[in-house]
Amino acid sequence: MSDFQFELEWYRAKKLPGRAAKVHGLTGTVGSFGDVTVEVEWRKPGLKGGNRQYETRLYGERMPDVVFRTVGPARPNLRNARFDVAGERVPLDFNAKALRNKARALRMTCQGRPYTYVVTGFERGAVLSRPGVEITMTRGKNPRGKGNGSFGAVTGEAEADALDLALAIVFEHIDTRELTASERVSGLLGRVLDPRPEESSY
């Protein structure tokens with residue numbers, strides 16, 4: 001067992017080495033795994049309309065190649081998502097009708113391992129786990145400067161590796177509000193206030 005903690009700094013419109021344009025994301029040193037950066041890029045919709053396309057990518061010398069692509073109006077989210085890890089397509093599954101965060105947990109299998117991702121509080125943090133490993137991510141003010149940060153804590157009986165950390169970190173830059181009970185309640189309330197018979201049940 002090797003427990004440790006790490007911090008990631010959020011940045012916006014920052015010019016990073018080797019990048020042609022200013023980008024936004026988060027970056028930091030993750031224990032013995034070295035420097036890690038999550039970067040988000042978006043493309044404008046084509047002339048025929050549609051929403052902007054996002055690509056969230058994780059960089060790190062000791063990290064697997066992780067790319068999360070989605071289409072949406074505001075920020076990367078779980079709808080219409082395509083998730084690739086080290087060249088493997090990873091399906092994402094969660095129960096959108098559940099009334100508790102734990103029951104709405106995101107489940108995925110990557111490189112033969114089953115993972116569960118549970119949001120612990122709206123916009124405040126989450127826990128990624130597999131048998132023997134748990135990584136808790138929380139968000140708050142950066143204690144060493146201006147702006148916000150993401151803070152990770154790794155625990156468990158087994159050794160966490162680069163894959164575990166990459167999965168926990170990349171979801172820091174994904175809108176996961178659909179995994180919260182409040183999203184279910186707001187969806188039900190919206191259908192009461194503005195019922196649309198042609199739509200399927202939430």
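This is a chat about the fold, surface and largest pocket of one chain.

User: What kind of model is this?

Analyst: This is a predicted model, in which local features need pLDDT of at least 70, side-chain atom pairs count only at pLDDT 80 or more, and totals for chains, interfaces and linings use all residues. Residues are numbered from 1 along each chain as its sequence is written, and side-chain values use heavy atoms, with hydrogens and water left out.

User: OK, how many helices and strands are there?

Analyst: The chain has 2 helices and 12 strands, where helices (H or I, at least four residues) and strands (E, at least two) are DSSP runs numbered from the N terminus. Along the sequence the pattern reads β-β-β-β-β-β-β-β-β-β-β-β-α-α.

User: And how much of the chain is buried?

Analyst: Of its 202 residues, 43% count as buried, meaning under 20% relative accessible area with a 1.4 Å probe, protein chains only.

User: Switching topic, how much space is in the largest pocket?

Analyst: The largest pocket holds about 290 Å³, a volume being the space filled by probe spheres set on grid points joined across faces, edges and corners. A pocket is an open set of points on a 1 Å grid over the protein atoms alone, where a 1.4 Å probe fits, with protein on both sides within 12 Å along at least five of seven lines; lining residues have an atom within 4 Å of a point.

User: Which residues are closest to its centre?

Analyst: Of the 15 lining residues, Trp10, Arg12, Gly25, Arg75 and His173 are the closest to the centre of the largest pocket.

User: Which strand gives the largest share of that lining?

Analyst: Strand 1 does, with 3 residues, while strand 1 (4-14), strand 2 (23-29), strand 11 (133-141) and strand 12 (148-155) each supply at least two.

Notes. Buried < 20%, exposed > 50% of the residue type's maximum accessible area, 1.4 Å probe, protein only.
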